[in-house]
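Visitor: Could you take me through the ligand site in this one, slowly and in some detail? I'd like to see what surrounds the ligand and how that fits into the rest of the chain.

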Amino acid sequence: MKKTTAAITAVGGYLPDFVLSNKVLETMVDTNDEWITTRTGIKERRILKEENAGTSFMAIKAAEDLLKKRDIDASEIDMVLVATATPDMPVAATAAYVASEIGATNAFAYDLQAACSSFLYGMSTAASYIESGRYKKVLLIGADKMSSIIDYTDRTTCIIFGDGAGAVLFEPNEEGLGLQDEYLRSDGIGRQFLKIDAGGSILPASEETVKNKKHYVFQDGKSVFKFAVSNMADVSALIMERNNLSKNDVQWLAPHQANKRIIDATANRMGLEPEKVLMNIERYGNTTSATLPLLLYDFEKQLKKGDNIIFAAFGGGFTWGSIYLKWAYNS
Ligand code: UT7
C-alpha cells in the first residue's frame with residue numbers, strides 16, 4: 001500500500017496595516033536606518049494597533065483568508081493548531097478561540113510554543129496527525145503580536161520584531177508530495193540568551209516585575225546570532241545530505257526571517273543562489289511564528305507542484321531544525 005503523506009494544500013495570511021519604518025524608529029530610539037539595514041536587512045515592520053486585539057485577531061484573519069481561497073467550509077476542519085509565542089492570554093488556548101470564531105465547530109484546537117521555531121515544529125505535528133490517518137484537514141496557523149512584549153525604548157530588540165499571521169492547511173496526499181523529512185533539535189542552554197523573565201511560574205507578575213521591565217523580551221543578540229548561524233546552516237545542509245539532494249535539486253529555501261545575515265549564511269552553506277531564497281524580512285521584520293507561513297503567502301504564485309523546499313528555523317529555547325517538503329499544487 002502506498003504511504004499517505006501530508007501536503008500543504010492552501011495558504012492564507014494577514015498583516016496589520018500600520019507600518020513602523022526604520023525612519024520612524026530613528027525618532028524613538030538611538031538608531032539609524034543604515035545600522036538596521038546592514039545588520040539585519042529590515043526596512044519596516046507591521047504593528048497591530050487595533051484596541052483589545054491580540055494574536056487571535058490576526059490568526060482569525062489569516063485562517064479566513066485561507067478558507068476563502070481554498071473554498072472550503074470551516075466545519076470540515078478537524079484540528080486547529082496555533083503556533084505562537086504571544087498567546088492572547090495564559091492558560092486558555094488561543095487556538096480554541098480561533099477555531100470557534102472561524103466556525104471550525106468540528107475541530108479540537110491547541111497552541112504550540114517553541115519561540116521562533118513554533119511554526120516549524122507545528123508543521124511536524126500537523127503532518128504527523130495527517131500521516132496517522134486519524135485526521136484529514138489540519139489547519140496550522142503561525143501568529144505573533146510581538147509588539148505586545150517588546151520594549152520600544154530598547155534599541156537592541158525593538159528594531160527587529162513585527163506582528164503578523166500566516167496559515168496553512170495540511171491534507172493527505174497520495175502522490176508522495178508534502179512533508180518528506182524533518183530534523184528538529186533543541187537545547188535548554190539557550191534560555192539565558194533569549195527570554196522574558198517575568199510573568200511565568202518562576203517569577204509571576206508583581207509591581208516589582210513591571211517596574212523593572214521584566215515582562216519584555218530580553219535578547220543577548222550576539223550569542224543568539226552565533227548559535228543561529230551555525231545551527232540553521234548545519235541542519236539545512238544535513239537534511240539535503242540525508243535526502244541525497246544536490247543544490248540543483250532544491251528549488252527554494254524558506255528560512256526563518258530573523259536576520260538577513262543568518263539567512264545568507266544558511267543559503268551559502270547549501271550552495272543555493274540568492275534567487276532560490278524566499279525573503280520578506282525587509283518588509284515585516286521578525287514575526288516569530290509567522291515568518292514561514294508569510295513566506296508561503298507572499299511567494300505562493302512562484303511555487304510549483306513538485307518543487308523541493310527546505311524550511312529552516314532557529315529560535316529561543318534554543319529550538320531549531322529543518323524540514324524538507326515537496327510543494328503540492330500550482331496556484
Ligand atoms: O528569531 C529568534 C532568534 N533571534 C535571532 O536570530 C537574532 C540573532 N541576533 C541578531 O540578529 C543580531 O545579533 C542583532 C541584529 C540583534 C544585533 O546585531 P549585531 O551585529 O550582533 O550587533 P551587536 O549586538 O554586536 O552590537 C554592535 C554595536 C554595539 O555597539 P558597540 O558596543 O560596538 O559600540 C551596539 O550597542 O551596535 C550597537 N547597537 C545598535 N546601534 C544602532 C545595538 N543595537 C543598535 C541599534 N542601532 N538598534
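Guide: A quick word on classes before we dive in: Ala, Val, Leu, Ile, Met, Phe, Trp, Tyr, Cys and Pro count as nonpolar, Asp, Glu, Lys and Arg as charged, and the others, Gly among them, as polar. Bear in mind, too, that this is a predicted model.

With those classes, the shell around the ligand splits into 10 nonpolar, 7 polar and 5 charged residues. There are 22 residues around the ligand, and the ones that come nearest are Thr31, Arg39, Lys222, Asn259 and Asn286.

Now for the polar contacts. Start at Thr31, where an N or O atom of the side chain sits 2.6 Å from a nitrogen atom of the ligand. Over at Arg39, a side-chain N or O atom is 2.8 Å from an oxygen atom of the ligand. Then there's His256, with a polar side-chain atom 2.9 Å from a ligand oxygen. As for how much of the ligand gets covered, on its own it has 950 Å² of accessible area, and the protein covers 75% of that.

Which elements supply the shell? Those giving two or more residues are helix 2 (33–40), helix 8 (221–242) and helix 9 (260–270). Helix 8 makes the largest contribution, with 4 residues. Zoom out a notch and you get to the domains: domain 1 (5–176) and domain 2 (179–326) both give residues to the shell, so the ligand lies between them.

Let's step back to the whole protein chain, which has 11 helices and 13 strands. Its radius of gyration is 19 Å, close to the 20 Å that the globule rule gives for 331 residues, so the chain is as compact as a globular protein of that length. Along the principal axes, the C-alpha atoms fill a box of roughly 60 × 45 × 35 Å. Of the 331 residues, 54% count as buried.

For one example of a buried residue, have a look at Thr55, which is found in helix 3 (residues 55–70). Thr55 has a relative accessibility of 2%, and buried means under 20%, so Thr55 counts as buried. A polar atom of the Thr55 side chain lies 2.5 Å from the backbone oxygen of Thr86.

To pull the site together: the ligand lies between domain 1 and domain 2, with polar side-chain atoms of Thr31, Arg39 and His256 facing its nitrogen or oxygen atoms at the distances given above.

Notes: Residues numbered from 1 in each chain as written. Predicted model: local features only at pLDDT ≥ 70, side-chain atom pairs only at ≥ 80, totals over all residues. Heavy atoms only, no water. Near = heavy atom within 4 Å. Polar contact = N/O pair within 3.5 Å; in protein donor to acceptor, adjacent residues only side chain to side chain. Areas by Shrake-Rupley, 256 points an atom, 1.4 Å probe, with all protein chains shown as cover. Domains from an automatic or database assignment. Rg over C-alpha atoms; globule rule 2.2 N^0.38 Å. Buried < 20%, exposed > 50% of the residue type's maximum accessible area, 1.4 Å probe, protein only.
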